[in-house]
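Visitor: Please give me a close look at a single part, the lining of the second largest pocket. Which classes of residue does it have, nonpolar, polar or charged?

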Amino acid sequence: MKTGYNVQARKRPVNLTLSEDLVLQARAMTDNLSGVVESLLAGFVENERQQRLAKAKAIEATITAWNDFNAK
C-alpha cells in the first residue's frame, strides 16, 4: 500500500498529552500503541491533504468561472 510519508524515516520520541484512561484502554487493546497512533496520524494527514487540495481546486474553479463571466 502506498503511503504519503516516508515509512523508513527515523522514529523519535515525542511528547503528547492524552487522557490517562484512554491510553490505558487502548493499551489493553494493542501491544503497539505507537504503531496504532502512527497509522491514525497518517490517515489524518492524508485526509487533511485531500481536503485542502479539494478546497484549492474549488477556489481555482470559482476564480476561473468569475473571470470567464467578467470577460463576457
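Guide: By class, the lining of the second largest pocket has nine nonpolar residues, no polar ones and no charged ones. Nonpolar here covers Ala, Val, Leu, Ile, Met, Phe, Trp, Tyr, Cys and Pro, charged covers Asp, Glu, Lys and Arg, and the others, Gly among them, count as polar. What you are looking at is a predicted model, in which local features need pLDDT of at least 70 and side-chain atom pairs count only at pLDDT 80 or more, while totals for chains, interfaces and linings use all residues. Residues are numbered from 1 along each chain as its sequence is written, and side-chain values use heavy atoms, with hydrogens and water left out.

Now let us put names to that lining. Start with L16 and L18, go on to L22, V23 and A26, and finish with L33, V36, V37 and L40: these residues line the second largest pocket. Both α1 and α2 give two or more residues to this lining, and α2 gives the most, with four residues. (Helices are DSSP runs of H or I with at least four residues, strands are E runs of at least two, and both are numbered from the N terminus.) The space inside the second largest pocket comes to about 180 Å³. A pocket is an open set of points on a 1 Å grid over the protein atoms alone where a 1.4 Å probe fits, with protein on both sides within 12 Å along at least five of seven lines; lining residues have an atom within 4 Å of a point. Points are joined across faces, edges and corners, and the volume is the space filled by probe spheres set on them.

It helps to set this beside the largest pocket, whose volume is about 940 Å³. Its lining has 31 residues, and the closest to the pocket centre are V14, S34, V37, E38 and L41. You have met V37 already, as one of the residues lining the second largest pocket. Again α1, running over 20-29, and α2, running over 33-71, are the elements giving two or more residues. The largest share once more belongs to α2, with 12 residues. The classes are mixed in this lining: 14 residues are nonpolar, nine are polar and eight are charged.

E38 leads us on to the salt bridges. How many salt bridges does a search of the whole structure find? There are three, each a side-chain nitrogen of Lys or Arg within 4 Å of a carboxyl oxygen of Asp or Glu. In one of them the side chain of E38 meets that of K11, at 2.7 Å from N to O. Because K11 lies in the segment before α1 and E38 in helix α2, this pair ties together parts that are 27 residues apart in sequence. K11 is exposed, at a relative accessible area of 58%, and E38 is partly exposed at 31%. (Buried means under 20% relative accessible area, exposed over 50%, and partly exposed in between, with a 1.4 Å probe and protein chains only.)

The other two salt bridges take us along α2. R49 pairs with E46, their closest N and O atoms being 3.0 Å apart. Both residues sit in helix α2, three residues or about one turn apart. R49 is partly exposed, with a relative accessible area of 40%, and E46 is partly exposed too, with 30%. R52 and E48 form a further salt bridge, 3.1 Å from N to O. About one helical turn separates R52 from E48, because they are four residues apart in helix α2. R52 is exposed, with a relative accessible area of 59%, whereas E48 is partly exposed, with 26%.

Finally, step back to the whole chain. It has two helices and zero strands, and 3% of its 72 residues count as buried. Along its principal axes the C-alpha trace spans about 65 × 30 × 20 Å. For a feel of those distances, take A54, which is found in helix α2 and is partly exposed at 45% relative accessibility. The C-alpha atom of A54 is 37 Å from that of D21, which is 33 residues away along the chain.
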